Amino acid sequence: MILEMNNIEKHFGELEVLKDISFGVDSGEVISIIGPSGSGKSTLLRCATFLETIDGGEIIYMGEKAAHTDENGNAVYVPHQEMRKFRRYCGLVFQQFNLFPHYSILKNITDAPIHVQHVSQEEAEANAMELLGKMGIADKANAYPYQLSGGQQQRVAIARALAMKPEILFFDEPTSALDPELTGEVLKVIRQLAEEKMTMVVVTHEMPFAKAVSNRVLFMDGGVIVEQGDPRDVFDNPQEERTKQFLRVFER
Amino acid sequence: MKTLLIFILTLIGSLPLGMIVALLRKSRFAPVRGFISGYISIMRGTPLMLQLLVWYFGPYYLFGLNIGNWRFPALIIGFVLNYAAYFAEIYRGGIESIPVGQYEAAEVLGYTKTQTFMKIILPQVIKIIMPSVTNEVITLVKDTSLAFTLAYQEVFSLSKQISASQTSFMPFVIAGVFYFVANYIVEIIMKRVEKSMDYYK
């Protein structure tokens, strides 16, 4: 298991966003999380990548506990220094790309490996060029983010995340800010990563993509996992009424 | 020369101090936040001329202290503290305009808080606030004339004296040209600086 999230609880004030959520991700697995807005999908991803703290439950990466619930029922994280190790396990690709506008494409990808992981500049740049080649945008290495299309920017963001060599890569609606044409080129890259057995969790509204690429689909609603399983079962033969109702919208 | 000295010392003091003030304003400790916002209110809410007089006469009238050569230090303290408050507000606006996604991207990539601020946030803030800083610097050039309130010999007080002794209007015209030329140079320099950051949007 790369990641296990057990009995995760999260609330914002009075609002319960995640209610006793448990799921695990095996090495090489591609999991799609689908569901309506406000169902807690993004929050779950943000908890897994430590952008949000959980209020209960446990987060285990590579068999090591990053957070657990103590006897008083409070979520406890490992000390700050140890946290850095857990952050290295996971990467995140945002809906809005969040590239650094003042850095060239190459520097966007190499800066963190050089200054966080202390990789040599030559090695970081060689690795970045290889990743850009894979993303089909090697010619953009010296451009700045504003000069790129949304689809190209998102591919840079994927390269930036991959440059940190994470064990698992999370995508938070990676194509929601893109038009259909650009969506295609980003999905192609994710599909290619899936073929290379990159472990990934993708929150998405692209149902055909989720069906074609993922090994497992989680349908979330109201802060719980309503249904999960093989994509063919969940999409073609959903068991829960709520799942059927949600998927019907996409058939039209 | 003395005008230039006031100008330069004020910038050297207030540009960094403003950043410290801006960061303290977001402090976790409520008393610190309260103190800083009180300080900014007073600095912006009272005339600079009055502040200069308080710094100059304050030590004597409030504490009975008689400090030698206090005129110039009082002037610089007054200018630096006043301008730091204005710069702090400009910095704050700049810092708050950086999308939260920039912080999150940096956090996920494992940057420390210091790295995030110095490498990711600050360079973008500097670009955003440049036009407002230019404004403030131009105001400062003109505000140096307030040093005359402490009878400090800078361009304006000098021209006033000469004008009075020679009963001529000319010294004022020359002072006006001096301020204008000084600000014209400031404008040219700041335009260059802004242009040097034009490589990204």
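Here are a few notes on charged pairs and one loop residue in this structure, which is a predicted model.

1. Start with the overall tally. Counting over all chains, the model has 19 salt bridges. The points below pick out some of them, then turn to a loop in chain B.

2. In chain A, have a look at K85(A) and E64(A). Their side chains form a salt bridge, with N and O 2.8 Å apart. K85(A) sits in helix 2 (residues 80-89) and E64(A) in strand 5 (residues 64-69), so this contact links a helix to a strand across 21 residues of sequence. How accessible are the two partners? K85(A) is partly exposed, at a relative accessible area of 31%, and E64(A) is partly exposed as well, at 30%.

3. Staying in chain A, K107(A) pairs with D111(A) in another salt bridge, and here the closest N and O atoms are 3.1 Å apart. Both residues belong to helix 3 (residues 105-115), where a spacing of four residues puts about one helical turn between them. Is D111(A) buried or exposed? It's buried, with a relative accessibility of just 1%. K107(A), on the other hand, is partly exposed at 33%.

4. Over in chain B, E89(B) and R44(B) make a salt bridge whose closest N and O atoms are 3.7 Å apart. The two come from separate helices: E89(B) is in helix 4 (residues 71-96) and R44(B) in helix 2 (residues 30-45), so the bridge ties together parts that lie 45 residues apart in sequence. E89(B) counts as buried because its relative accessibility of 14% falls under the 20% cut-off. R44(B) comes out as partly exposed, at 42%.

5. That chain B pair doesn't stand alone. Which residues make up the network around it? Salt bridges with shared partners connect E89(B) and R44(B) with R25(B), R92(B) and E96(B) in one network. If you're browsing the model, try showing these five side chains together.

6. Last, a loop residue in chain B. Where does A147(B) sit? You'll find it in the loop that runs between helix 6 (113-143) and helix 7 (155-166). Despite its place in a loop, A147(B) is buried, with a relative accessible area of 0%. For a sense of distance, compare it with E136(B): the two are eleven residues apart in sequence, and their C-alpha atoms are 17 Å apart in space.

Methods. Residues numbered from 1 in each chain as written. Chains lettered and ligands numbered in written order. Predicted model: local features only at pLDDT ≥ 70, side-chain atom pairs only at ≥ 80, totals over all residues. Heavy atoms only, no water. Salt bridge = Lys/Arg side-chain N within 4 Å of Asp/Glu carboxyl O. Buried < 20%, exposed > 50% of the residue type's maximum accessible area, 1.4 Å probe, protein only.
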